[in-house]
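Trainee: Could you take me through one strand in detail, with its neighbours? I'd like to see how it sits in its sheet.

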Amino acid sequence: MITDVERSTDDDVVAIPLRHPWRWVAAAAVIVVLGLLFSSLWNNENIQKQYIWQFIFDPRILKGVWITLIVTIISMVVATILAILLAIMRMSANPVLRAVSFLYIWFFRGTPLLVQIVFWGYLGLLYKQIELGVPFTDFSIFAADTNTLIPAFVGGVIALSLNEAAYAAEIVRAGLLSIDHGQREAAYSLGMGPGYTLRRIILPQSMKVIIPPMGNETISMLKNTSLLAIVAVPELYTASSQISSGNLRQVELLIVASLWYLFITSVLSVPQYYLERHYARGNSRALPPTPLQQAKRELARIRGRADNRRIAAKAREEMNS
Amino acid sequence: MSQQELMVDARGVRKWFGTNEVLKSISMTIPRGEVLSLLGPSGSGKSTFLRCINHLETIDGGRIYVDNELIGYKERGDKIHEMKPREIAKQRRKIGMVFQRFNLFPHMTALGNIIDAPIGVNGESKADATASGLELLERVGLSDKAHAYPAQLSGGQQQRVAIARALAMKPKLMLFDEPTSALDPELVGDVLDVMRDLAKSGMTMIVVTHEIGFSREVADRMVFMDAGVVVETGAPRDVLDNPQHPRTQAFLESVL
Ligand SMILES: Nc1ncnc2c1ncn2[C@@H]1O[C@H](COP(=O)(O)OP(=O)(O)O)[C@@H](O)[C@H]1O
Ligand SMILES: [Mg+2]
């Protein structure tokens, strides 16, 4: 029988790590398949790579990237604000607000995004003028031509925002529902009103549930901006297809556009990472370090080890002498 | 006893949950500075009664006055009108409540939990609120935990922060709903110590607890409730050692 005293008290675990041979086999297979695919594209004489390099930083493409990014960000911000309103309405005690929210979500989720975009593009055909005045009288405070008031860009942003709000509303609602009822009661017992409670107590806690799916939505939105091609907003996809309709290099320009979409997707995941961290505070006992902090720590550790070695060497020398 | 000296005056309070009558005409008066211990089997309506006092639950009959103000309603002639949420919130500021499950705000530090309502609701300056918040933390023995998040605190520490949070609103009445029931036995003492000090300082308190020793020592009066009615009231010593009602006797036999 082994008692505790007889057991090794050595802290360092020197076990031989478990081997995973199948990981290596799988990795090799993946590399071979990807290599074949890549080389077939790379060596395809129908794809002329110089066009990719020529157009990837073309001013029209860069302008398209810029517009795509702006449309994505504005639409997501507007959609998020609307979504919070819709979610609150959906959960309110007021039956009228509940019904409005329900109908909104039903309608905007139930019709194709493409149709909604075209609709906002054609609004000028439906209403020649937009007028702000007293209903059923001739008195008018403000009137403007629809097409000047809502150019394609604005119409596109409106369409994307309104549509996204319907999806995001359900995400926000799930977030609000995830908070324990005791939080609201504690807030009320401190004399906080319903609005303050929502803003300071419920919403910030919901964020950790809301942000990951909203990251998904942002990436969807980024790609959905390409649908604005149909109303001639010069975003990334429109720009690349306009160029390719001139030089007939469709595939090369699609690759250019795709590389940019991939790049923006990667860039957008950075703010998501930091937002998640921000709203995770208090959730676990200690937050994991950011990549930057980790790099710094690693550097300090390596330096520390070098220092230790030097100190140990010195000590040994002194002992010997 | 004159009206002015009463902190709580509950008259014939009734509460239904669906077809279940949970409070069957509860009447109770609590003078200023009194510590009242509320005892009774699970499901007898103790929590519901506390929650009616600060209008977390609406009542279906009777009246509750706290500090001579009707809670949740306005009296105009012989009619009563529902209050606006803002007015109810204002009434709740003078009633502190401590929950069985602490209900600290997990996204705020201990100090953040304490100073949020004084700043956001009472309009205190951040400096003032922080100064009195740190004082309160010291009073509950947690000066070193000001910047810890609730997840980093033990249950007993969380409950003491929750008490400090309620006190930060300078309430006139404190409601405790089984404040030590969710705690490991060795952590109960620290929380009871804080409550004992609070009672000594003259706070009016209603305490739902099964800590018989605490009630015997600290409470001025004990009320035994069962199935939505007040069965027996008296000095803790009398109720505990010489219960008059068979239901009180049966309950005490089961817990002691
Ligand atoms: N929100 C609620 N909805 C329906 N029934 C409830 C609700 N809260 C409490 N009850 C019922 O009311 C009764 C009294 O509950 P409670 O006041 O929590 O008792 P106690 O605190 O004395 O254990 C119980 O029968 C309980 O099931
Ligand atoms: Mg209870």
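Mentor: Sure, here is a walk along β11 of chain B and outwards from there. This is a predicted model, where local features need pLDDT of at least 70, side-chain atom pairs count only at pLDDT 80 or more, and totals for chains, interfaces and linings use all residues. Residues are numbered from 1 along each chain as its sequence is written, chains are lettered from A and ligands numbered from 1 in the order written, and side-chain values use heavy atoms, leaving out hydrogens and water.

β11(B) covers residues 221-226, and six of its six residues are buried (under 20% relative accessible area, 1.4 Å probe, protein chains only). Strands here are DSSP E runs of at least two residues, numbered from the N terminus. In a regular strand, side chains alternate between the two sheet faces. Here B:R221, B:V223 and B:M225 point one way, while B:M222, B:F224 and B:D226 point the other.

Now the neighbours; two strands pair if DSSP finds at least two bridges between them. β3(B), residues 35-39, runs parallel to β11(B) over four bridges, with B:L36 opposite B:R221. β12(B), residues 229-234, is antiparallel to β11(B) over five bridges, and B:V223 faces B:T233 there. Two residues separate the strands of that hairpin, and B:A227 has a positive phi near 50°.

Zooming out, the open, mixed sheet has six strands in the order β8-β9-β10-β3-β11-β12 (chain B). Its edges are β8(B) and β12(B), each pairing on one side only.

Key. Buried means under 20% relative accessible area, exposed over 50%, partly exposed in between (1.4 Å probe, protein chains only).
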